[in-house]
Amino acid sequence: MKVSEVTNIDLAEYVRLDDASDLELNELERMRSGAVAFIKSYTGLTDEEVDEHEDITQVLFILVADMFDNRNYQMDNKSVVNPSAKSILNMHSVNLL
C-alpha cells in the first residue's frame, strides 16, 4: 500500500477506533496530513517519491498512532514535552542558539 492510498478508515482501524465518528475521522485526517508533512520534511522526498517506498506507509501509521495516543503537548509528568511535537518544531526552528 502506498502512502497516498491510506484512508482515514485504515487509520481508524489501526488506532483501534470502533465506529469512528466524523469528528474522529476529521482528526485522523489532520494527523495524516501532519504525518505526511513530517515524513517529507524529514526525508526531503516529494509526494511521488514517498509513494515509491511502501515501507514508509508503516511509518505513516506509526506517526498517526503516536499523534492519536499522545495528543497533549506535555506528557504525564508535565515536565516532558511530547517527542513528536518537539521533533516537528525542531525541524522548522530558525532561531536556534
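**Charged pairs and a buried glutamate**

Arginine 32 is buried, with a relative accessible area of 17%, which falls under the 20% cut-off. Keep in mind as we go that this is a predicted model.

What does arginine 32 pair with? It forms a salt bridge with glutamate 29, and the closest N and O atoms of the two are 3.9 Å apart, just inside the 4 Å limit for such a contact. Both residues sit in helix α2, three residues apart, or about one turn of the helix. An α-helix has 3.6 residues a turn, so residues three or four places apart point the same way. Unlike its buried partner, glutamate 29 is partly exposed, at 30% relative accessible area.

The count of salt bridges comes to two, so let us turn to the other one. Here aspartate 47 joins lysine 40, with 3.0 Å between the closest N and O atoms. Aspartate 47 is partly exposed at 41% relative accessibility, and lysine 40 is partly exposed too, at 27%.

Back in helix α2, which covers residues 22–43, we also find glutamate 27. Is this residue buried or exposed? With 18% relative accessibility, glutamate 27 counts as buried. Its C-alpha atom is 8.7 Å from that of phenylalanine 68, although 41 residues separate the two along the chain.

Phenylalanine 68 brings us to helix α4, where it is one of the buried residues, along with others including Ile56, Leu60, Phe61, Val64 and Met67. Helix α4 runs over residues 55–69, and its 15 residues reach 22 Å from first C-alpha to last, close to the expected 21 Å.

Notes
Residues are numbered from 1 along each chain as its sequence is written. This is a predicted model: local features need pLDDT of at least 70, side-chain atom pairs count only at pLDDT 80 or more; totals for chains, interfaces and linings use all residues. Side-chain values use heavy atoms; hydrogens and water are left out. Helices (H or I, at least four residues) and strands (E, at least two) are DSSP runs, numbered from the N terminus. Buried means under 20% relative accessible area, exposed over 50%, partly exposed in between (1.4 Å probe, protein chains only). The expected span of a helix is 1.5 Å times one less than its number of residues. A salt bridge is a side-chain nitrogen of Lys or Arg within 4 Å of a carboxyl oxygen of Asp or Glu.
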